[in-house]
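I opened this one to see how a small sheet is put together and what sits around it. My notes follow in the order I looked things up.

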Amino acid sequence: MIKKNNSKKTAVIAVICFIAVIVVVTAVYFLNRPATQKGAKTITVEVVDGGGASEEFVIHTDSEYLRQAMEEAGIVGGNESDYGLWVTTMNGIEADESKQEWWCFTKGGAMVETGVDTTPVADGDHFEATLTTGY
């Protein structure tokens with residue numbers, strides 16, 4: 001009987017610890033997530049194809065996130081996933097998954113570590129979408 005009670009106590013403690021970890025991780029995310037900027041702003045999105053040719057799009061938007069701004073400009077397409085939009089097309093150029101092609105998003109040359117749904121935009125931002133080969 002003592003072993004049963006210890007097992008139940010251990011299970012309850014494990015569940016409580018798991019919930020506590022989830023709460024802490026969620027709190028850390030919300031405290032450290034990138035801030036958004038409300039209101040009118042102008043951003044630039046540079047689309048670089050696989051051969052290195054590029055075209056810049058200057059977007060005037062009230063959007064707070066990159067996806068919405070690019071959708072307003074009509075330059076992005078993709079598939080919905082559990083993590084947001086998986087970008088497959090930029091400015092009519094489609095990534096060929098059979099060739100391991102994908103769109104890499106950078107901001108000022110540094111890789112963006114969030115998806116386009118959660119990448120905040122601020123006035124004057126310059127993003128690059130580069131067709132990249134290889135996973």
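I started with strand 4, residues 84–90, and found six of its seven residues buried. Buried here is under 20% relative accessible area, exposed is over 50%, and partly exposed lies in between (1.4 Å probe, protein chains only). Strands are DSSP E runs of at least two residues, helices are H or I runs of at least four, and both are numbered from the N terminus.

Before going on, I noted that this is a predicted model, where local features need pLDDT of at least 70, side-chain atom pairs count only at pLDDT 80 or more, and totals for chains, interfaces and linings use all residues. Residues are numbered from 1 along each chain as its sequence is written, and side-chain values use heavy atoms, with hydrogens and water left out.

Next, the neighbours of strand 4. I counted a pair of strands when DSSP finds at least two bridges between them. Strand 3 (residues 76–81) runs antiparallel to strand 4, with six bridges, and E80 has L85 as its bridge partner. The hairpin between strand 3 and strand 4 has two residues.

On the other side, strand 5 (residues 93–94) is antiparallel to strand 4 through two bridges; T89 stands opposite E94 there. The hairpin linking strand 4 and strand 5 also has two residues between the strands, and in it N91 takes a positive phi near 50°.

So which order do the three strands take in the open sheet? I read it as 3-4-5, with antiparallel pairing. Strand 3 and strand 5 are the edges, each with a single partner strand, so one side of each has no neighbour in the sheet. Helix 2 packs on this sheet and touches strand 3 and strand 4. Its direction makes about 135° with that of strand 3, taking N-to-C directions of lines fitted to C-alpha atoms, for helices over the stretch in contact, on a 0 to 180 degrees scale.

I then followed N91 to E55, which is in strand 2. E55 and N91 are 36 residues apart in sequence but 8.8 Å apart C-alpha to C-alpha. Their side chains make a polar contact at 3.1 Å, that is, a pair of N or O atoms within 3.5 Å; within protein, one must be able to donate a hydrogen and the other to accept it, and residues adjacent in sequence count only if both atoms are side-chain atoms. E55 is partly exposed, at 40% relative accessible area.

Last, I listed contacts (heavy atoms within 4.5 Å). Beyond four places in sequence, E55 contacts V45, E46, V47 and N91, while V45 touches residues including E55, L66, M70 and M90.
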